[in-house]
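Open the model in your viewer and keep the selection panel at hand. The tour goes from domains to the whole chain, then to its surface.

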Amino acid sequence: MSFSLNKYLEELRPLINIDCGTLTVDGIDVVATLMAQKYLDLGWNVKRIDCGIAGTGLEVRNKPQTDHIDVMLIGHMDTVFPVGTAAARPMTHDDERAYGPGVSDMKSGLLSVVYALRDLDPTALDALSICVCMNPDEEIGSLHSETWLKSVAVNAKHVLVAEAARADGSLVKARKGMARYRLSFHGKAAHAGNEPQNGRSAITEMAHWILAINAMTDFESGTTLNAGVVSGGAGANIVPDFAEVVVDVRFWDNDEYAAVDAQIRALTETPFIDGVTITVEREAHKPSMVPSPQTEVLMAQVEAVGKELGIDITWQAVGGGSDANLTAVLGIPTLDGLGPIGAGFHSEDEWLDLASIEPRIRLLQQVLVKIAQQ
């Protein structure tokens, strides 16, 4: 493969210089059209998937007629940035790094997958049934693409996610699970001066819940709960009849999380304040991704390829979730972080390490070759 960094960056630029935050469906459609064309040029089968209010997903296959998938590759087209970001800070680069919204999370990952497949050893390409899925809503937990991704993944033997490698070059072997809850408290309003005893304070109830939720955190096992957004009340002189809190939960142990979920729901049966009712809505959920013995076999193959290429392969367990969580829980060997090196995700400081682009494309290519040889 003759790799031109300049050509790569010119191909990356239009993917960065378009607003495509989650639910910015017009921008995501532009990215989907650009990515679809790259695969059509390779002669691959491209299917546009309707992901509802999130917009378009892409399901791309080299052998659409086969039932099984040897390798499923996953990447997301959305970013976390609001409309106007691309104009305010379009892609730039110096000798070492590229910058811009989504440059490493994860437009470079999407592009590197194409590069790896464009020049994949023909024997490996012929041996493998490959499916590339690109979804439009990973940054909000893949709420509108989860069902589709899982329906594809059940036919897959291996899943590789092209999110960025960590700043130190590590790939990702484990990710925490996450859940997000919206808890609504309905009390009874009353005048705080004339008849406060007739009111039922939704905010006081919520305060009790926040303390109870904090007590469920176990730093040792890694199950943490965070009451991150609160709202409620209409005035200081009114006993509040409504309040709401949004809670983020992170965990390594799926069973421990199930117990937390049960505890949260059980609390609704016994309000701290008589006359207040509580509704619990789980808005998002991704199970944790923990390596199985089969995943460890895949890890060993990646390490062997790294050795051949002179890339020191290290692994990290990270607190943030990705689409790898969705496939790992199905029992499919899943690895993440197969994109180029980057950091500063979700911030103005996001960067992509230019020197890592070609080696990581080669790593992905050779991992596919190794799987084809099995």
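How many Å separate the centres of domain 1 and domain 2, taken over C-alpha atoms? The answer is 36 Å. Keep in mind that this is a predicted model.

Select domain 1 next. The domain assignment gives it two segments, 5-175 and 289-373. Now colour residues 177-286, which the assignment gives as domain 2. Look at where the two domains touch. Domain 1 brings 19 residues to the contact, and domain 2 brings nine.

Select the whole protein chain and switch to cartoon. Eleven helices and 18 strands should appear. Show the C-alpha trace and turn it along its principal axes. The trace spans about 80 × 45 × 40 Å.

Why does a radius of gyration of 23 Å agree with a compact globule? The chain has 374 residues, and a compact globule with that count would have a value near 21 Å, so the 23 Å of this chain agrees.

Next, draw the contacts. Take those with a separation of 6 or more in the protein chain: 80% of them join residues 24 or more positions apart.

Colour by burial. Of the 374 residues in the chain, 52% are buried. Turn on the surface. The protein chain exposes about 15700 Å². Carbon and sulfur atoms supply 51% of that area.

Last stop: charges. Select the 29 positive and 50 negative charges of the protein chain. How far apart are their mean positions? The two mean positions lie 3 Å apart.

Definitions and conventions:
Residues are numbered from 1 along each chain as its sequence is written. This is a predicted model: local features need pLDDT of at least 70, side-chain atom pairs count only at pLDDT 80 or more; totals for chains, interfaces and linings use all residues. Side-chain values use heavy atoms; hydrogens and water are left out. Helices (H or I, at least four residues) and strands (E, at least two) are DSSP runs, numbered from the N terminus. The radius of gyration is taken over C-alpha atoms; the globule rule is 2.2 Å times the number of residues to the power 0.38. Buried means under 20% relative accessible area, exposed over 50%, partly exposed in between (1.4 Å probe, protein chains only). Contact means heavy atoms within 4.5 Å. Accessible areas come from the Shrake-Rupley method with a 1.4 Å probe; for residues, only the protein chains shown count as cover. Lys and Arg count as positive and Asp and Glu as negative; His and the chain ends are not counted. The place of a charge is taken as NZ of Lys, CZ of Arg, CG of Asp or CD of Glu. Domain bounds come from an automatic or database domain assignment.
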